[in-house]
Amino acid sequence: MKVKLHVWRQNGPNDKGTMETYEVPNVSSDQSFLEMLDDVNLALAKDGRDVIAFDHDCREGICGMCSQVINGVPHGGQERTTVCQLHMREFEDGAEIFVEPWKARAFPVIKDLVVDRGALEKIMQAGGYTSCHTGGVADGNALPIGKDIADYSMDAAECIGCGACVASCPNSSAMLYTGAKVAQLAVLPQGKVEAHKRVMAMTEAAKEQGFGNCTNHYECQASCPKGVNVKFIAKLNREYMKALCK
Amino acid sequence: MQLTQSSVGRKIIMAVTGIVLVAFVCVHLLGNSSVFVGANAINAYAEKLHSLGPFVWVFRLVMLAAFAIHIIFGIQLTLENRAATPERNVQIKRLKTGFGAETMIVSGLVLLAFVIYHLLHFTVRVTNPDIYVPLGDQGMVDVYVMVVKGFKSALPVILYLVGMSFLFLHVSHGFQSLFQTLGLSNDKSLPVMETVSKLVGVVLLVGYISIPLLVVFGLIKI
């Protein structure tokens, strides 16, 4: 099959950026989207042209590095799928495909499709941890945690920090990311101790980093490659109100 | 400070003032529905309200405060949210959100304009001086006659239809949104509340526009 790519090219954070078009012949329907981009880059390199910069790492859908808005949807719109797990068979022969970076004030473009997602790390640094002495490894069942609570926490911990929630949000809000991190720890005994401080610090950090405010569009959940649920934003809101009353 | 400046705090303020406003439009619709019973019913209702004296003004001040706070924070949050995405993607495809949710600021500002018009029309009584007929000697106005005459010309009817359509849009997103904001939603209740939210919007729309429409079609008449 063949496809026509419209790719966002931007040479650094201060460059204006523009869409460039590439005709891609001989695409295998078994290729992943990133493998197709690899082929495009090989051809560009052969011609001595600047290759398309894009983020990737594990290519197994778990690292959260790949970050492309494809045809207007972060990760391409296939349910619970990262770009690296998106395959060319999802596209029709001759399809025109738009490939763009995450666009948000908090995610400055480094080059082409690569953005700086350090702002998410700043939110984590503000409170996404528990302060405890790590001695020897504790016995597995020394601290009993109910299965339902463990499952709830693990569902929130599925977040891979890719930033699709921000990219899909009309407000560029990072509330699903923050909510998942807050909820994941708030229900566990280790995390409860600092729960009040955490929710205040992490939501404040999100604001400081330039993310927008959540207005309940729920686009984040729809585009999340791990299907992280917006119930964790409701949980964050509950935690926030508890902290306010403290 | 936290409450009025933080991201989640202001969202909670929007939700709480939203409850006050949505409760008001529901109660106001119930009061209005006395027009279906007849002239005596709605005039008795109006007289009862006026007899409350200072409480009316306390109530009005609370409503004004909730309305003003909701608008001020709504505008502030919208401006911040727009600034958070200085440049948008060339292609944008939304998967979940809807027209109502994406146009909250527009529907909100239209509703502000509508409320001003509505107050001038029926409360301050300046837009249509010919529709006010005195009732009794207590300085009361015949509300039934005012409503019927008030919807005899096309412009007010159109403005009310437009205003209430935007109320539907605003409430259809806002009602379920306040439950999520106040942490009262979970994965099971949220889809239900989204449907309930649209239903509340439809009930308010149909309830409110039925009055001018029934006047137009001659079913409510003097």
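Start by selecting Glu102(B) and looking at what it touches: setting aside residues within four places in sequence, Glu102(B) is in contact with Pro170(A) and Thr97(B). Keep in mind as you click around that this is a predicted model.

Now colour by secondary structure. Glu102(B) sits in helix α5 of chain B, which covers residues 99–102. Is this residue buried or exposed? Neither, quite: Glu102(B) counts as partly exposed, because it has 17 C-beta neighbours inside 10 Å, and the buried label needs 20 or more.

Next, add His170(B) to your selection and draw a distance line between the two C-alpha atoms. You should get 9.8 Å between Glu102(B) and His170(B), even though 68 residues separate them in sequence.

**Across to the other chain**

Pro170(A) turned up among the contacts of Glu102(B), so let's look at where the two chains meet. How many residues does each chain bring to the contact? Chain A puts in 41 residues and chain B puts in 37. On the chain A side, select β5 (96–100), α7 (195–208), α8 (219–223) and α9 (231–245); each one supplies at least two residues of the side that touches chain B. Which of them gives the most? That's α9(A), with 9 residues. Try colouring this side of chain A by residue type, and you'll find 17 nonpolar, 15 polar and 9 charged residues.

**Into the strands of chain A**

Stay with chain A and pick out strand β1, residues 3–9. On one side, find strand β2 (residues 18–24): β1(A) and β2(A) run antiparallel and are joined by 7 bridges. Then find β5(A), which you met a moment ago: 4 bridges join β1(A) to β5(A), and this pair runs parallel.

Zoom in on Val7(A) for a single spot that shows both pairings. Its bridge partner in β2(A) is Glu20(A), while its bridge partner in β5(A) is Val99(A).

**Zoom out**

Now show chain A as a whole. Its secondary structure comes to 9 helices and 7 strands, and its C-alpha atoms fill a box of roughly 60 × 35 × 35 Å along the principal axes. Chain A has 246 residues, of which 47% count as buried. Take the contacts in chain A between residues at least 6 apart in sequence: 72% of them join residues at least 24 apart.

Last stop: colour by confidence. Chain B has a mean pLDDT of 96, and 100% of its residues reach 70 or more. For the complex, the predictor gives an ipTM of 0.95 and a pTM of 0.96.

How values were computed:
Residues are numbered from 1 along each chain as its sequence is written. Chains are lettered from A and ligands numbered from 1 in the order in which they are written. This is a predicted model: local features need pLDDT of at least 70, side-chain atom pairs count only at pLDDT 80 or more; totals for chains, interfaces and linings use all residues. pLDDT is the predictor's confidence in each residue, from 0 to 100. Two residues are in contact if their C-beta atoms, placed from the backbone, lie within 7 Å. Ala, Val, Leu, Ile, Met, Phe, Trp, Tyr, Cys and Pro count as nonpolar, Asp, Glu, Lys and Arg as charged, and the others, Gly among them, as polar. A residue is buried if 20 or more other C-beta atoms lie within 10 Å of its own, exposed if 12 or fewer, and partly exposed in between; C-beta atoms are placed from the backbone. Two strands pair if DSSP finds at least two bridges between them.
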